[in-house]
Structure formats: structure tokens, C-alpha cells
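The following exercises practise reading a protein model residue by residue and cavity by cavity. Please keep the structure open while working through each solution.

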Amino acid sequence: KATVSVLYWFLPPLPGEYKKKKLMDTVSESAEGFLTAVPWEWGVLEGVWCAALVAGVYSGFWGYVVAPPWVHKGSERLPEGKFAKHVMDAYDKWCVQVNKGVTVLVTYHVMQWTWWRGVWAVEEFSVLQCVAHIALLFTIYEFFYYLFHRALHHKSVYALIHKHHHQQHSPYRGNTDAINTHPFEFLVGNYDHLLALHILSLVSPPHVITVLLFILIGGYTASLNHTRHHVEVSQHIFSASAHDVHHRVDVNSNYGQYLMIWDVVFGTYKRDPRLA
């Protein structure tokens, strides 16, 4: 919907307003078909939308690898631990590629959800509501992620799933280390974003801009968590060093992804001893 509106205003004049409107209707119908029809019913234009989605997701991964180290290049760098894994093996690379594919699927479902449940009208966007919704979305997300992440550390399942991610005791590659997880873990963790959106929408449906910011901020900070750049909003709001502690110092602490509030509530928060 947003793409159609932008195209309408920025396309050069076509021979007749009718043709311009017809083009916009075609774009809108193909977008709706892409998001509402099953894949085997897609036509050529729906296939173009699919290709654009894949290209957008993979471009986003490139951005998450490049942007955090460049933006925060002047920040303090946390010292590297003794057991940093500098060489990725074949299974590491396989997990990274599978999880990129999973991200395409998750992004598609977030787009579907937003098409039906999100608020699209520009005049209904409010900065204050956006900020409040983003705060609520991350709080909801973190509650379920905390429980899931802590469960993955239970001795009965740790070796099967989450141990792979902790083979990197001192992550530094940013997004590459962030998504180097078991695909099951990555799948559940990413669909948690959709769960948070759905729960919030039961009370107050978020605007499409809010949804976009929620996903982009989440991807950026998850990448930043694995760079060892000491960047923080506050100890409990966001602190990249907190996740570094989880990898390098005590795996039974700091289960949160973006916020440490549930670690504080459940007594598992640990401040980096170098910063205390």
C-alpha cells in the first residue's frame, strides 16, 4: 500500500491520468496477490514482488554486517576473550545461510500480518504512539524470548540446540555471529516478533511505520550485540556488553536479547565486571 502511494506521486507523467491509475491498480493488485494468494497461484508480477523481498532481506543482512561497526567505530571495544572462534566451519556457514532463508519467510509473514492488521493511514501516525508501541513491543518480545532462551540453557536440550551458538565465546562478526544459531532457535526467536505484534494489536494495532522500526531496530541491535562494541542506552534498556557477558563470562545470566528488564525481574542480570 505504501509502495503504491509513493509510486503514484513520484512516477513521471504518463500519457493520460487513466493509464497512470491503471498502472497503480496493477501494482496494488499484484502486491495484494503476493501477500494473500498461495505461491502456486502467483503470476509474473507476484514473482517480481517475491524477488524484491529476497533482494531486500539479503541487502538488509549486508547492511547489518557493515553498519554497526562503521557507525560505532569510535566506541570503546570490549577486550576479546581467550576462546574466540576465528574460523567458521562448514556447519557454521550452513546455519548462517539457512537462517537467511528463514528470515525471508519470517519477513513475508510480518508483511502479511501488517497488510491485514496494521494501520496504514498516514494521518493516523503519531510519534508519541509510535514510541510507546515500540517500547511495548520490545517488552513483550523480551518476555517470551527470555523464557525461550533460558529454556535452551537447560541441560536436557542445551547440547542439541543452543550450544552451537555458544561455540563462539567472544563474538565479534556482528550479524554473522548473531545469526549463527541452530535453525530451530532462529525460527522461534524470529517469530517471537510476530507474536509481540499480535499481542499488542489486541489492545492497540501498530502503524506500519512502527512495525518497520521495530524490525529494523531489532535487527540492528541484535547485530550490535555480537560486535563487542561497548554501546549502551543504559544498563537495562540496551547494552551490548550485557550480551557479551552472557557469551564470555556467565552463560546463565543476561538471557535478554535487547533489554535486561526481565533478567532484573528474575534475578539473572549480571553487569560486566569491567564496567561495574
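## Exercise 1. The largest cavity

The residues lining the largest cavity comprise 3 nonpolar, 7 polar and 4 charged ones. The model is a predicted one.

**Task.** State how many cavities of 30 Å³ or more are counted, and identify which lining residues are closest to the centre of the largest cavity.

**Solution.**

Step 1. The count gives 2 cavities of 30 Å³ or more.

Step 2. The largest cavity holds about 80 Å³ of space. Its lining consists of 14 residues, of which Asp92, His165, Gln168, Asp177 and Asn180 are closest to the centre.

## Exercise 2. Histidine 226

**Task.** Determine where histidine 226 lies, whether it is buried or exposed, and which side chains make polar contacts with its own side chain.

**Solution.**

Step 1. Histidine 226 is located in the loop that runs between α8 (208-224) and β1 (232-234).

Step 2. The relative accessible area of histidine 226 is 2%. The cut-off for a buried residue is under 20%, so histidine 226 is classed as buried.

Step 3. The side chain of histidine 226 has a polar contact of 3.3 Å with the side chain of histidine 165. A polar contact of 3.2 Å links the side chain of histidine 226 to that of histidine 243.

Step 4. With residues up to four places away in sequence left out, histidine 226 touches His165, Pro171, Tyr172, Arg173, Gly174, Asp177, Ala178, His243 and His247. Among the residues closest to the centre of the largest cavity are His165 and Asp177.

## Exercise 3. The second largest cavity

**Task.** Describe the volume, the lining and the residue classes of the second largest cavity.

**Solution.**

Step 1. The second largest cavity contains about 30 Å³ of space.

Step 2. The lining is made up of Asn225, Phe238, Ser239, Ala242, His243, Gly256, Gln257, Tyr258 and Met260. Elements that supply at least two of these residues each are β2 (238-239) and α9 (240-248).

Step 3. By class, the lining of the second largest cavity has 4 nonpolar, 5 polar and no charged residues. His243, one of the lining residues, is also a polar-contact partner of histidine 226.

## Exercise 4. Helix α8 and the second largest pocket

**Task.** Compare the span of α8 with its expected value, then establish which elements line the second largest pocket with two or more residues.

**Solution.**

Step 1. The helix α8 has 17 residues, and at 1.5 Å a residue it should span 24 Å. The C-alpha atoms at the ends of α8 are 24 Å apart, so the two values agree.

Step 2. The buried residues of α8 include Val208, Val211, Phe214 and Thr221.

Step 3. The second largest pocket has about 170 Å³ of space. Its lining elements with two or more residues are α5 (127-152) and α8. The greatest contribution comes from α5, with 4 residues.

Step 4. Ile217 and Thr221 are among the lining residues of this pocket, as are Phe238 and Tyr258. Phe238 and Tyr258 also belong to the lining of the second largest cavity. The pocket lining divides into 9 nonpolar, 2 polar and no charged residues.

## Exercise 5. Histidines 246 and 164

**Task.** For histidine 246 and histidine 164, give the location, the burial and the side-chain polar contacts.

**Solution.**

Step 1. Histidine 246 is part of helix α9, whereas histidine 164 is in the loop between α5 and α6 (175-178).

Step 2. Histidine 246 has a relative accessible area of 0% and is therefore buried. Histidine 164, at 9% relative accessibility, also counts as buried.

Step 3. The side chains of histidine 246 and histidine 149 are joined by a polar contact of 3.1 Å. Beyond four places in sequence, the contacts of histidine 246 include His149, His153, His162 and His166.

Step 4. The side chain of histidine 164 makes polar contacts with the side chains of aspartate 92, at 3.3 Å, and asparagine 180, at 2.7 Å. Asp92 and Asn180 are among the residues closest to the centre of the largest cavity.

Methods
Residues are numbered from 1 along each chain as its sequence is written. This is a predicted model: local features need pLDDT of at least 70, side-chain atom pairs count only at pLDDT 80 or more; totals for chains, interfaces and linings use all residues. Side-chain values use heavy atoms; hydrogens and water are left out. Buried means under 20% relative accessible area, exposed over 50%, partly exposed in between (1.4 Å probe, protein chains only). A polar contact is a pair of N or O atoms within 3.5 Å; within protein, one must be able to donate a hydrogen and the other to accept it, and residues adjacent in sequence count only if both atoms are side-chain atoms. Contact means heavy atoms within 4.5 Å. On a 1 Å grid over the protein atoms alone, a cavity is a set of points where a 1.4 Å probe fits but cannot get out, and a pocket is an open set with protein on both sides within 12 Å along at least five of seven lines; lining residues have an atom within 4 Å of a point. Grid points are joined across faces, edges and corners, and a volume is the space filled by probe spheres set on the points. Ala, Val, Leu, Ile, Met, Phe, Trp, Tyr, Cys and Pro count as nonpolar, Asp, Glu, Lys and Arg as charged, and the others, Gly among them, as polar. The expected span of a helix is 1.5 Å times one less than its number of residues.
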